[in-house]
Amino acid sequence: MSQEQSTQPAGQSSRSSGNRTPLWVLISVVVGFLLPVCSCMAFASLSIFGISLAAGDGATTSRGFGDAVAIVRVEGLIISEDEVTTGAPSGVIMDELERAAADPTVKAIILRVDSPGGTVTGSAQIHEAILELEKPVVASMGGTAASGGYYVSAPADYIFARPDTVTGSIGVIYTLFNAEDLIDKLGVDVTTITSGPNKDIGSIWDELTPEQREIFKTLVDESYDQFVEVVAEGRPNLDVEEVRELADGRIYSGRQAQENGLVDELGNLDDAIDKAAELGGISGEPRIVEYERIPNLATLFGGFSGSLTKSESDRLLEIVETFTTPTLEYRYVGPGLE
């Protein structure tokens with residue numbers, strides 16, 4: 001009896017130890033997976049913190065001494081956002097313009113534009129912020145400064161473009177998709193209950209009625225008239241009717257834009273810096289100030305975690321949302337820019 005009692009605990013201990021083995025293996029796998037992930041996140045946090053400390057107020061000096069010219073970049077698709085994401089968020093650009101305006105050492109501002117345009121709202125917000133500036137503004141166009149990219153350039157005191165810059169595309173676009181035939185082929189029945197005949201205007205499931213088409217046309221024409229007025233106000237050498245002749249949506253090379261009055265001079269960024277220094281009354285080589293765009297941790301880790309957890313269904317929903325949410329845009333949708 002005593003022998004059985006002495007061996008039983010030993011047997012239980014052996015079985016218990018064996019049962020823990022899968023548990024330790026599982027823990028090892030989890031730790032092995034999470035360790036590099038946590039390390040990457042910690043490294044990213046420290047990197048952003050270090051950049052923030054190094055940048056101070058977000059401004060960096062690249063050359064020269066004394067009075068400065070600030071460069072504010074409008075690069076990529078113009079969107080109405082306040083956070084640093086992708087493209088040219090209007091809120092971020094407006095903030096940089098305000099900082100340049102508030103800095104007494106900044107005597108002039110360069111708007112460096114390389115954009116096919118974007119939303120009507122985002123373009124209008126940047127345009128309005130430029131109009132409020134009391135310091136001279138020089139627009140410097142890169143490879144593309146079309147549609148909304150030209151809209152934000154128009155109020156500048158002086159506009160430079162390269163001979164091969166793609167600019168112009170003065171006009172408005174509202175893209176709608178119709179999947180009615182596709183739904184019929186798939187045998188899907190879509191039922192929409194609305195409070196009025198135009199509540200589902202622009203739905204991809206139905207063709208536009210003549211009344212709905214006219215509603216959209218009115219919106220487009222209104223935004224187009226606003227675009228023409230903005231160009232005419234910004235280019236004193238062109239009246240409204242002359243702008244309308246140019247504003248049929250076509251694109252122009254930088255050289256053509258200079259010939260028709262949409263651009264003042266052909267040149268690169270260095271030429272724009274020299275002109276900005278001249279307009280700002282800076283003698284000698286100006287100091288160059290450019291503002292760092294550092295995404296906050298929520299944006300960084302939100303995108304990081306999203307890339308790990310986003311399912312195919314989530315991506316599909318994003319695509320569907322893009323197709324089912326039409327947007328009024330000042331945007332050039334030429335080859336490679338859609």
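**Close-up 1. Helices α2 and α3, packed against each other in this predicted model.** Helix α2 covers residues 90-102 and helix α3 covers residues 120-131; the two pack at an angle of about 5°, and their axes sit 9 Å apart. Angles under 35 degrees count as roughly parallel, so α2 is roughly parallel to α3. On the α2 side, the contact comes from S90, I93, M94 and L97. Helix α3 answers with G122, Q125, I126, A129 and I130. Sorted by class, the residues of this contact come out as six nonpolar and three polar, with no charged ones. As a reminder for reading the spacing of the residue numbers, an α-helix has 3.6 residues a turn, so residues three or four places apart point the same way.

**Close-up 2. R99 on helix α2.** Staying with α2, this view picks out R99, which is found in that helix. Is R99 buried or exposed? Neither label fits: R99 counts as partly exposed because its relative accessibility is 26%, and buried would mean under 20%. A70 is 29 residues away from R99 along the chain, and the C-alpha atoms of the two are separated by 9.5 Å.

**Close-up 3. The second largest pocket and its lining.** The volume here is about 260 Å³. Lining the pocket are 13 residues, and the closest to its centre are Y174, L176, L208, R213 and F216. Which helix gives the most to this lining? That would be α6 (residues 210-234), with four residues. The lining is a mix of classes: six nonpolar, three polar and four charged residues.

**Close-up 4. Helix α9 and what covers it.** Helix α9 runs over residues 269-279, and its buried residues are L269, A272, I273, K275, A276 and A277. Note that a lysine, K275, is on that buried list. What lies over these residues? The cover includes the strands β2 (68-75), β5 (106-115), β7 (137-146), β8 (158-161) and β13 (287-291). Following α9 comes G281, a glycine with a positive phi, near 70°.

**Close-up 5. R255 and Q256, two residues of helix α8.** Helix α8 takes in residues 254-260, with Q256 among them, and R255 lies in α8 too. R255 counts as partly exposed because its relative accessibility is 44%. For Q256 the relative accessible area is 40%, so this residue is partly exposed as well. Leaving aside residues up to four places away in sequence, R255 touches R162, P163 and L266. E265 is ten residues from R255 in sequence, and C-alpha to C-alpha the two are 8.6 Å apart. For Q256, the view pairs it with G168: they are 88 residues apart along the chain, with 9.6 Å between their C-alpha atoms.

**Close-up 6. Stepping back to the whole protein chain.** To place the views above, the chain has 338 residues, and buried residues make up 37% of them. How many helices and strands does the protein chain have? There are eleven helices and 14 strands. Take the contacts between residues at least 6 apart in sequence: 75% of them join residues at least 24 apart.

Note on methods
Residues numbered from 1 in each chain as written. Predicted model: local features only at pLDDT ≥ 70, side-chain atom pairs only at ≥ 80, totals over all residues. Heavy atoms only, no water. Axes fitted to C-alpha atoms, helices over the stretch in contact; angles between N-to-C directions. Parallel < 35°, antiparallel > 145°, perpendicular 65-115°, else oblique. Contact = heavy atoms within 4.5 Å. Nonpolar A, V, L, I, M, F, W, Y, C, P; charged D, E, K, R; others polar. 1 Å grid on protein atoms, 1.4 Å probe; cavity = no way out; pocket = protein on both sides within 12 Å on 5 of 7 lines; lining within 4 Å. Points joined across faces, edges and corners; volume = space filled by probe spheres on them. Buried < 20%, exposed > 50% of the residue type's maximum accessible area, 1.4 Å probe, protein only.
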